[in-house]
Amino acid sequence: MVTIFVHREGKTEQVTSIDKRWLNRSAGAVLWVDLAAPSIPESLILSETFAFHPLAVEDAMSALQYPKAEAYDGYLYVVLHGIHYQATGVCFATHDVDSFLGPSYLVTVHDGESRTIAELRDHAPRNPKLLGDGPVALFHRIVDAMVDHYRPEIDKLEDRIDELEEQVFDSSSPDLVRQILREKRDVALLRRIMTPQRDVLARLARRDFVDISTEMSFRFRDVYDHVVRITDDALTFQDRITGILDAHLSNVSNRLNEVMKVLTIVSVVFLPLMLLTGMYGMNVPLPHFPGGDSAQFWWLAGISVAITIGMLAYFRRRRWL
Amino acid sequence: MVTIFVHREGKTEQVTSIDKRWLNRSAGAVLWVDLAAPSIPESLILSETFAFHPLAVEDAMSALQYPKAEAYDGYLYVVLHGIHYQATGVCFATHDVDSFLGPSYLVTVHDGESRTIAELRDHAPRNPKLLGDGPVALFHRIVDAMVDHYRPEIDKLEDRIDELEEQVFDSSSPDLVRQILREKRDVALLRRIMTPQRDVLARLARRDFVDISTEMSFRFRDVYDHVVRITDDALTFQDRITGILDAHLSNVSNRLNEVMKVLTIVSVVFLPLMLLTGMYGMNVPLPHFPGGDSAQFWWLAGISVAITIGMLAYFRRRRWL
Amino acid sequence: MVTIFVHREGKTEQVTSIDKRWLNRSAGAVLWVDLAAPSIPESLILSETFAFHPLAVEDAMSALQYPKAEAYDGYLYVVLHGIHYQATGVCFATHDVDSFLGPSYLVTVHDGESRTIAELRDHAPRNPKLLGDGPVALFHRIVDAMVDHYRPEIDKLEDRIDELEEQVFDSSSPDLVRQILREKRDVALLRRIMTPQRDVLARLARRDFVDISTEMSFRFRDVYDHVVRITDDALTFQDRITGILDAHLSNVSNRLNEVMKVLTIVSVVFLPLMLLTGMYGMNVPLPHFPGGDSAQFWWLAGISVAITIGMLAYFRRRRWL
Amino acid sequence: MVTIFVHREGKTEQVTSIDKRWLNRSAGAVLWVDLAAPSIPESLILSETFAFHPLAVEDAMSALQYPKAEAYDGYLYVVLHGIHYQATGVCFATHDVDSFLGPSYLVTVHDGESRTIAELRDHAPRNPKLLGDGPVALFHRIVDAMVDHYRPEIDKLEDRIDELEEQVFDSSSPDLVRQILREKRDVALLRRIMTPQRDVLARLARRDFVDISTEMSFRFRDVYDHVVRITDDALTFQDRITGILDAHLSNVSNRLNEVMKVLTIVSVVFLPLMLLTGMYGMNVPLPHFPGGDSAQFWWLAGISVAITIGMLAYFRRRRWL
Amino acid sequence: MVTIFVHREGKTEQVTSIDKRWLNRSAGAVLWVDLAAPSIPESLILSETFAFHPLAVEDAMSALQYPKAEAYDGYLYVVLHGIHYQATGVCFATHDVDSFLGPSYLVTVHDGESRTIAELRDHAPRNPKLLGDGPVALFHRIVDAMVDHYRPEIDKLEDRIDELEEQVFDSSSPDLVRQILREKRDVALLRRIMTPQRDVLARLARRDFVDISTEMSFRFRDVYDHVVRITDDALTFQDRITGILDAHLSNVSNRLNEVMKVLTIVSVVFLPLMLLTGMYGMNVPLPHFPGGDSAQFWWLAGISVAITIGMLAYFRRRRWL
């Protein structure tokens, strides 16, 4: 779906076709063309009307691009990743938003999943300042909103990690390692998409590309700060997940230790006693304990109690109990 | 709460409103405006009187900022983190202090938790040199005191790590891993807030920002040295905590080994003996040992002792005992 | 096998010998010489006709070279690695393609395994644009196709890692570690060949070598992007394999825990019961339970049930069951 | 304690006070002032006679400084760490030696522990070349000797690591992990003090500070080489200690395996035999083995031997024996 | 032992003393002086005839130097490491070859172990081109041969690692960890000597030192490539050894699991059965099974078989069998 907005003489209106004169900066028009999940015929606008470089057009039309910023003659091609809203699932999912930023126009290409752009498309006709501030300000607006949408997902991720940290000490569900592995993967994915985006924004903030004003570079520096913090969070999360895994392994070992102590204590107490009863069950004459037959039972009971107490004292001294 | 100090003609006095002429360096006045947990109306002073950039003002008013230094036209915006005094708790907590450093003024914005600034606010009227040395010197003073407050907390952290190192060899409390994990997190947090602060101070020391004199850069280099040492400590702590965790895992394994040896020795000694008594308990005629019935008992005892001694000798040779 | 194509006056034809004038750029001819697994006499064309540097010729003729780009006087010597198609095996295998890129010629040397070059050799006579666009465009074409051939192998590798990730939770086949180790080695190999290729392509894209036009540098940047993504994938794979190994070790420990719990529970329940039956089997008078001989049996059964229930309750409280 | 040497007209003499004219390079005098554990009044010489920067003086008087080199106006302030001789202990201990290097003087400040300086103080009056070669040569001499004193301590550390490497395979003393942890800490400390010293020496060798002649830079490059080798040794040691810990953990696991095999073999052999004897001990008529009562015993013995042999064969096939 | 070759007027001859005029480039003579394990008097040639810097001479005469390249006035001092041929041992051993490279001479100092130099010493008189191509070409020849000698040792090391990788899955010899540790140390040593050599060669290839011609820099780039590949191999080896250790630990755990399963299965089957026989051995009247005394035995056997089958089914369901 192609949506075209043009801002002329203080007013923003939606049009259906592009007047090529608008592409000329001196015309004073600001143009925003949004291609949501464009069909092949719709994509011709990129190569024919705007005459973008075939490689950039190919990238814009292909599914998942790596975040990057590339300067071409007279325009900038930027790929950034937005985050999906995940009402039900627990995993990250991103979509890429490709932008062509020219002196008097902004062209955005995406798969139609971007909530940010959908909202701006709604506001554009009602809020003339949106396009009126020029294509760079509009582009900053999109980038800023896209980065802001990461925060709630990051917070959810942090909550899940907090929960894991609790769980690791409380229970020993067999799913724990699976969950740890899944979060680890999510965090790795987060880092993997944020690091190149950070580099793109650093270049925008540093004004590596000449068509960005000082004022705009301040704004991109602000977005850059947010992205740096998210990248930093990802590193912290990674560290914490490693810690959780270590704690889990240590807990498993500790529990094994506990189990084995119980087995050992019980065996060490009962095996000698069973030998004793076995000996008295032998069809072989044993030497008599002094004091008659019934005294024999009490002697036996006494020896059993002595063995038990001795063993328990021994374990206590070794701090097993 | 807004506190305004102005230094003119060798005297520092607290005033309630700002004369805009003071902002002009040629007026010779030095101004310190402190906003402790400012309300929205109070924050207007930032945007209206000083006309700071809206993004910087927004950052200054928002809760937790990442440490950074940003040059704007005519002033410097610096975010640094101070440390809370923690009488009872064991964890780190920091608050951010935002400073706007202009040619003739210093504006500090914080959440009212900063002990450093509270103390300086008390001293300012009594000690005219405080503002008299200019806004950079005042700013250095604040930064220096903020960094000095880290040292006692670092020392406490080191003590806790020393303690953990002792504990890991002495006992095997189930809380040990939990404590290790908590200290690890604290150390990670320390590193995370010190690294960007170190970078900010390096830039101040290197005079990346032109309005810092050689003398002041020497002083910031001194603060920078302190921060480098703290960052370095954090790395050492991290290394030591990893070592403690390794030692803990190795200890758990060693203890399991000890437990299993006891179980094995006892089983290996008693099982053959029990088989023997079981055989003599069978309702099946056994071949007679030579020497009559009572000799039979002594034969049996002899065999038992021989098995026991043989097994123990075997374990001794394998170095289990 | 030596194949020589020359493009003159809009036509590409295969010839058997080289006219030295073609090497002169002003002649307007474009020359492609392909040496597939060249014999020593065939390789003389490199040193005699083209007068390439002896070291470069030696490298080109030797078996496995490290990916690299080296500028010599008037030509560029580039080594890149293509990937073998692996219908049956599971491991990566690569072959190196050496290219000499001059102002009016491209010389490719390889071991005859390169599918990319075989295909282009077929197309060259039919598609005059192939050589007509100049040697750099032809070289880009080869590099682009070679890099594209990596993708299906990367995908297969990813599938195998996905599978491993499933397996690690489902079964405990003794071959798992062997497989993990093999994939780890594959991923390391992938990284090892991609990293220098990425550097070579970055230099081509940055136009470190003067004979590359802006348009061509755009195209190499595109190939570079693909290689960056593959390198990035390799890093992610490495991370995931480490995670799989951790999960495997944790699972082994968990299973040991489970096994030991069963042993301990059974031992702890049956050993006391066996002691009891042993005591009643002794040839020694026991004190009578009240209520006659048959009551004695029921007392015994009651004690057994009580011990069993008590032990199980204890284990349940410790969360073993 | 303040010791002052002055070299004039080819002679070095110890004096008690400083003639301020000596500080002037044109006077042709070379001055060495050594402050060993200076008292506060003694330290006034730094701020008053030499007028060093207050921050540098403060650093010089404070306990443990981080190694660093700082250029001030007209002099260089360098902090380096010497090593204590450790006749009895096993741990590293260092003291810092602070030097102020001016055009015609060298001022050294330390805690009186430096053997290097004590020796040079003895030689200074007797060896006029010591001061005669200028302050930089004297400073190089001190630095060179300080670094040389590290070597025997490094060798001792290497011996201790060699020993640990032997021990880990021979015995399983519970102190092993404690020792490993201690050496790890020592090595970390070594790295921590050598890395900044290396950087200081690199700057001296690269002549970052203008008052160092080519000849002197050659000499500092030589010292730098020694420090690089020590830093490199520290990295190797760290690697080896990690290897020792891994070997230790693996050994503990191997030993547990051995213990468990013994337990399992014994249990698997004896439990079936005990069941057999238990069955024949039952007060229940069993079916008769053919061949009369005494044959019954030999049947039983035969079955026991068969079970034992079968089990052992099974274990041998699984390579447990 | 000092060997002196001089190349004049197309002829190379061995002489016994040096004519100082030869050191002058304009004399057109090329001089090669080789000092194999020089005595102190022999070493005087370095300081007296050539007047090399005392620090360089000291380094050249001392035992093991770190690989490095240092430019002095008019000559280059280079330390490189050759590898010993190890017919019997398995460990790496290297010797350092020190070279002084001047405009018209090459001086090599070594401990007499260098096979490379011994061979060249033999060829020098017979092959006039060796010295005739100038001292840089001769130096390149030595370096090239030294690096080539690494390859067979690297291949042996790779074979040993391949073998370890096989062994880790096949057997569990107690020496495995010892071997792993030894190879790890070898690989670390390899990396440690190759990394600085790579840097030296990179500087030679980049022509950091002005007296190297373009042609020679091509040749050094070739040697550099070999060294890079060896360094790269060392990294790969390190990775593989880490993988082998992980696999070993995982195998030990797996085997422990297997052992424990056998113990648990046997215990769980036999303990209930033993309880049963114990109960029937009690001197206490048991309730009669219906069907007379001999039926009692068959009941018992049935219960035993039922318990056994039930337990085995349970283990099968948990996938232990």
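This talk walks through the contact between chain D and chain E, the symmetry that relates them, and several salt bridges elsewhere in the structure. Please keep in mind throughout that what we are looking at is a predicted model.

Let me begin with the interface between chain D and chain E, to which chain D contributes 49 residues and chain E contributes 46 residues. The size of an interface is often given as the accessible area lost when the parts come together. For this pair the buried area comes to about 4200 Å², and carbon and sulfur atoms account for 64% of that area.

As for charged pairs, there are 6 salt bridges between chain D and chain E, and one that you can find on the screen joins the side chains of Asp233(D) and Arg192(E), with N and O 2.4 Å apart. Counting polar contacts instead, one arrives at 11 residue pairs between the two chains, both partners being at pLDDT 80 or more. On the side of chain D that touches chain E, at least two residues each are supplied by helix 6 (150–170), helix 8 (214–280) and helix 9 (292–317) of chain D. Helix 8 of chain D provides the largest share of that side, namely 33 residues. Sorted by character, the residues on this side of chain D are 21 nonpolar, 17 charged and 11 polar.

How are the two chains related in space? Chain D is superposed on chain E by a rotation of 72 degrees, with 0.0 Å of shift along the axis and an RMSD of 0.1 Å, and that is the relation of a five-fold axis. Within chain D, the C-alpha nearest the axis belongs to Gly281(D), at 4.9 Å from it. The copies meet through different surfaces, because only 18% of the interface residues of chain D are also interface residues in chain E. I should add that some pairs of chains do not touch: chain C and chain D share no contact, their closest C-alpha atoms lying 9 Å apart, and chain A and chain E likewise have no contact, with their closest C-alpha atoms 9 Å apart.

Turning now to salt bridges more widely, the structure holds 114 of them over all chains. In chain C, the side chain of Asp233(C) pairs with that of Arg151(C) at 3.3 Å, N to O; because Asp233(C) lies in helix 8 and Arg151(C) in helix 6 of chain C, this pair ties together parts that are 82 residues apart in sequence. Asp233(C) is buried at 9% relative accessibility, whereas Arg151(C) is partly exposed at 30%.

Other pairs sit within a single helix. Glu153(B) and Lys156(B) form a salt bridge at 3.3 Å, N to O, and, being 3 residues apart in helix 6 of chain B, they are separated by about one helical turn. Here Glu153(B) is buried, at 6% relative accessibility, while Lys156(B) is partly exposed, at 36%. In chain E, Glu215(E) bridges to Arg219(E), the closest N and O atoms being 3.6 Å apart, and these residues stand 4 residues apart in helix 8 of chain E, again separated by about one helical turn.

Lastly, there is a network of salt bridges that links Asp59(A), Lys68(A) and Glu70(A) with Arg221(C) and Asp225(C).

Notes:
Residues are numbered from 1 along each chain as its sequence is written. Chains are lettered from A and ligands numbered from 1 in the order in which they are written. This is a predicted model: local features need pLDDT of at least 70, side-chain atom pairs count only at pLDDT 80 or more; totals for chains, interfaces and linings use all residues. Side-chain values use heavy atoms; hydrogens and water are left out. Contact means heavy atoms within 4.5 Å. Buried area is the accessible area (1.4 Å probe) that two parts lose on being put together, summed over both. A salt bridge is a side-chain nitrogen of Lys or Arg within 4 Å of a carboxyl oxygen of Asp or Glu. A polar contact is a pair of N or O atoms within 3.5 Å; within protein, one must be able to donate a hydrogen and the other to accept it, and residues adjacent in sequence count only if both atoms are side-chain atoms. Ala, Val, Leu, Ile, Met, Phe, Trp, Tyr, Cys and Pro count as nonpolar, Asp, Glu, Lys and Arg as charged, and the others, Gly among them, as polar. Copies are superposed by least squares on the C-alpha atoms of residues with pLDDT of at least 70 in both. Buried means under 20% relative accessible area, exposed over 50%, partly exposed in between (1.4 Å probe, protein chains only).
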